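Dear colleague,

I am handing over the structure below, together with some notes for someone who has not worked with it before. Please keep it open beside this email as you read.

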Amino acid sequence: MAENNEFIREVDEDYRRDQIAKIWKRYNALIITGAILLVAGVGGYNYWRHAERTRAEAASEQFDRANRLAKDGKAEEADRDFAAIRAEAPGGYALLARFRLAAEAAKRDAAAGAQAYDGLANDTGIGDSLRDLARLRAALLRLDGTDPNPALTSLQGLAAPTNAFRHTAREMLGLTALKRGDIEGAGRWFDQISADAETPQGLRQRVEVYEALVAGGPVTVTEAKPENAAPPPPITR
């Protein structure tokens with residue numbers, strides 16, 4: 001019985017070897033090609049990762065250099081470097097460079113800076129939170145312009161309960177209303193800040209001051225006249 005089992009096993013092994021030999025003979029070119037493609041794919045992926053890491057490191061150095069140039073007041077050189085990063089660097093650094101270019105433009109011209117932020121806010125290729133950040137900065141730049149109403153409308157949208165930038169938007173809306181003498185409107189925005197459990201502590205402390213101003217009501221400033229003022233000296237000819 002044992003001899004029969006051994007014989008059967010040997011037959012099975014011979015059969016498998018014959019099958020493998022036939023498969024190799026028939027498909028050896030495909031097998032070799034597949035192996036080559038696999039090795040090439042792994043090598044290509046590793047090369048791509050190395051190239052991306054090298055680009056990211058170069059972009060990081062260039063971004064730091066551009067920041068130093070901007071800090072030193074060398075705006076033209078900083079803009080040149082940020083523009084190069086925007087055009088050539090990996091996605092993350094390119095996006096940071098766009099924000100920095102907008103910020104640098106705003107230092108020189110609020111309207112130009114706001115337009116640059118508009119471009120970011122309207123770019124559907126970036127995340128919603130970054131688009132909202134660009135929208136917030138554009139609105140803040142326009143608040144003191146000749147027509148602040150579009151900025152106020154934008155801030156009202158950002159003041160929604162789930163928006164990440166609602167705290168800043170509500171504060172600016174409240175302060176703008178206070179500045180205009182709209183005490184009731186200012187109070188509503190400050191109340192929203194106070195009622196929000198996620199309001200930062202620093203803003204919560206500032207709101208206490210704002211609410212005290214609201215409680216005091218509108219203030220009318222009149223020209224002060226000194227009492228018992230001496231009459232003007234006579235005119236002599």
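Directly after helix α7 comes G181, a residue whose phi is positive, near 85°. The model is a predicted one, and what follows should be read with that in mind.

Helix α7 itself runs over residues 166-180, which makes 15 residues, and from its first C-alpha to its last it reaches 21 Å, close to the 21 Å expected at 1.5 Å a residue. Its buried residues are R166, H167, A169, R170, E171, L173, G174, T176 and A177. What covers them includes α6 (149-158), α8 (183-195) and α9 (201-216).

Two residues of this helix deserve a separate look. The first to discuss is R166, which is found in α7 and which counts as buried because its relative accessibility is 6%, with the limit for buried set at under 20%. The side chain of R166 makes a polar contact with the side chain of D196, at 2.7 Å, and a polar atom of the R166 side chain also lies 3.2 Å from the backbone oxygen of P161. If neighbours within four places in sequence are left aside, the residues in contact with R166 are L158, A159, A160, P161, D196 and E198.

The other is M172, which also lies in helix α7 but has a relative accessibility of 25%, and therefore counts as partly exposed. Leaving aside neighbours within four places in sequence, M172 is in contact with L140, L143 and L155. M172 and L152 are 20 residues apart in sequence, while their C-alpha atoms are 8.8 Å apart in space.

Turning to the interior, the largest nonpolar core has 23 residues, and those with the most contacts inside it are F99, Y117, L120, A134, L155 and L173. The elements that give two or more residues to this core are α3 (91-108), α4 (110-121), α5 (128-142), α6 and α7, and the largest share, five residues, comes from α5. For L120, not counting residues up to four places away in sequence, the residues touched are L95, R98, F99, I126, R131 and A134. There is also a second, separate core of eleven residues, and L69, A78, A89 and A97 are among them.

With best wishes

Notes: Residues numbered from 1 in each chain as written. Predicted model: local features only at pLDDT ≥ 70, side-chain atom pairs only at ≥ 80, totals over all residues. Heavy atoms only, no water. Helix = DSSP H or I, 4+ residues; strand = E, 2+ residues; numbered from the N terminus. Expected span 1.5 Å × (residues − 1). Buried < 20%, exposed > 50% of the residue type's maximum accessible area, 1.4 Å probe, protein only. Contact = heavy atoms within 4.5 Å. Core = buried A, V, L, I, M, F, W, Y, C linked by side-chain atoms within 4.5 Å. Polar contact = N/O pair within 3.5 Å; in protein donor to acceptor, adjacent residues only side chain to side chain.
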